[in-house]
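Hi,

Here is the structure I promised to pass on. Have a look at it first, and my notes on what turned up are underneath.

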Amino acid sequence: MREDYLHQIWLTKRLPMHQLTLVDGRKLHVFQTGWHNHESGPDFFNGSIEIDGIRWNGNIEIHIKSSDWYAHKHHIDRAYDTVVLHVVYQFDKPVYIGNEEIPTLELKTFLDQTHWFSYESLIKSSTWIPCENQLQEIDSLYFIKEIESALVKRLQRKSTLLSARFEALNHDFNQLQYEVLAQAFGNKVNAIPFGELAQRMPLKVLWREGNTAIHTLLLGAAGFLDSTSDRQEYQQMLLDWKFWTIKYSFQSMERSSWKFKGLRPSGFPPVRIAQLAGFLTIFQHDFKLVEQPIAFWRSFFESTDFSENKLTQSFQNLILINAVVPLLFWYGDYRSDSTFKQKALDLLDSLESEKNQLISNWKKRGIESKSAADSQGLLELKNEICNQKKCLSCQIGNKILGKQ
Ligand code: SF4
């Protein structure tokens, strides 16, 4: 038995909910299973149950054996004092909070064993995705729905991260947009150092020093302007940077923070920094990425001169996918206005599918990606659902297991 299986069974109520009884024989009615907690503390928060006609609201903990409560040292952790129900596969020991025995539901007798064996054999598969051998039997409609659902989960996950960052920035919306944009220019390989760069060199300073200073300030903060810089055009920049380091006490990043390996010269960090500087220069103080209509973006990239550092079509799309779309979706959450979320989805629908190994692997298995909405959904499905073997929270998994 696996604890994550028990979590999913509880969450999806795949149990004879009207026949549940506790190990002491009392009747149990579940109003709410609670909110699944993936951090420390009880497994489900704010559940709502009734035992012999008395309603209890509180947290719910799940284990394979009831004695795991003591093995995991929950008896000395106050975070578990509010647990109102212990759900276990096997009851091998009574558990107490203080002097009170915790009501315990033993699942062994209620679980559908055939379902468990089918699930176990599915997730033990060593194929690229666990359900690979059953894919042919699944109607494509299930895939379309699951890809859409995975896409929304992906955008929601990013939105939660952006909300946390927005709070940390004391609601500085411009800085948030700038940081997200910078990370998008870093793409997968240099997203982290680009994020660090945007934090070290805040947008307010770039605006204060003006457009002609932006490129130098970013290059200097990134660590690409020092006395060892041999490029001729860097010499004046180096002098300017030295002045600003005195004025603001800036510290440059280590050059070793940046990755060059595996990148083409057109994707080297100094080139991307020049492109980011070009982008910021154009938007100047009117930095409202979320308020531009979809049609604006295509003409923006076509008409904008990034000098010798022109952005390729696929890189333009990546900027939209990794910066504009997550910002739009988050903004919809922040403003409680679904039109922004719809705009994010429409923008993804209008963009070509990404081309990478993961999308090719899906294609080999008969799953085509027709737009960036599909490729983003497939990315999420593979990395966050299939790889984590969350087949029970996937419509395809439930279809496969339901058949058996
Ligand atoms: S999560 Fe869904 S698509 Fe992925 S392997 Fe499991 S059943 Fe298949």
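**Starting from the first helix**

Helix α1, residues 3-11, has Tyr 5, Leu 6, His 7, Ile 9 and Trp 10 among its buried residues. Their cover includes β2 (35-36), β4 (54-65), β5 (83-90) and α3 (113-123). Please keep in mind throughout that this is a predicted model.

After α1 comes Lys 13, with a positive phi near 55°. That one caught my eye, as Lys 13 is not a glycine. Lys 13 sits in the loop between α1 and β1 (28-32). Is it buried or exposed? Lys 13 counts as exposed, because it has 10 C-beta neighbours inside 10 Å, and the cut-off for exposed is 12 or fewer.

Asp 52 is another residue other than glycine with a positive phi, near 50° in this case. Look for Asp 52 in the loop between β3 (44-51) and β4. Asp 52 is exposed too, with 12 other C-beta atoms within 10 Å.

**The whole chain**

Stepping back a bit, the protein chain has 15 helices and eight strands. Its C-alpha atoms fill a box of roughly 80 × 50 × 40 Å along the principal axes. Of the 404 residues, 33% are buried. If you take the contacts with a separation of 6 or more, 57% of them join residues 24 or more positions apart.

The chain is divided into domain 1 (3-111) and domain 2 (174-310). How far apart do the C-alpha centres of the two domains lie? The distance between the centres is 52 Å.

**The nonpolar core**

The largest nonpolar core has 84 residues, and Val 87, Leu 218 and Val 324 have the most contacts inside it. Both domain 1 (3-111) and domain 2 (174-310) give residues to this core, so it lies between them. As a bit of background, nonpolar side chains tend to be buried together in soluble globular proteins.

Val 87 is a good place to look into the core. You will find Val 87 in strand β5. It is buried, with 26 other C-beta atoms within 10 Å; the cut-off for buried is 20 or more. Leaving out residues up to four places away in sequence, Val 87 touches Leu 6, Trp 10, Ile 60, Ile 62, Leu 105 and Leu 107. Two of those names may look familiar: Leu 6 and Trp 10 are among the buried residues of α1. As for Leu 105, it is 18 residues from Val 87 in sequence, with 4.8 Å between their C-alpha atoms.

Val 324 has its own set of partners. With residues up to four places away in sequence left out again, Val 324 touches Leu 289, Trp 297, Ile 319 and Leu 347.

**Helix α14**

Now to α14. Its 15 residues reach 19 Å from the first C-alpha to the last, which is close to the 21 Å expected at 1.5 Å a residue. Why call α14 largely enclosed by the rest of the structure? Because twelve of its 15 residues are buried. Among them are Asp 374 and Glu 380, along with Leu 378, Leu 379 and Leu 381. The buried residues of α14 pack against α4 (140-168), α11 (313-335), α12 (338-350) and α13 (357-364).

**Around the ligand**

Which residues surround the ligand? They are Ile 129, Pro 130, Cys 131, Ile 385, Cys 386, Lys 390, Cys 391, Cys 394, Ile 396 and Gly 397. The elements that give two or more residues to this shell are α14 (372-386) and α15 (395-403). Ile 385 and Cys 386 also appear among the buried residues of α14. By class, the shell has eight nonpolar residues, one polar and one charged.

**One more residue**

Last, Glu 120, which lies in helix α3. With 12 C-beta neighbours inside 10 Å, Glu 120 counts as exposed. Glu 120 and Ser 67 are 53 residues apart in sequence, and their C-alpha atoms are 24 Å apart in space.

Cheers

Conventions: Residues numbered from 1 in each chain as written. Predicted model: local features only at pLDDT ≥ 70, side-chain atom pairs only at ≥ 80, totals over all residues. Near = placed C-beta within 6 Å. Helix = DSSP H or I, 4+ residues; strand = E, 2+ residues; numbered from the N terminus. Nonpolar A, V, L, I, M, F, W, Y, C, P; charged D, E, K, R; others polar. Core = buried A, V, L, I, M, F, W, Y, C linked by C-beta atoms within 7 Å. Domains from an automatic or database assignment. Contact = placed C-beta atoms within 7 Å. Expected span 1.5 Å × (residues − 1).
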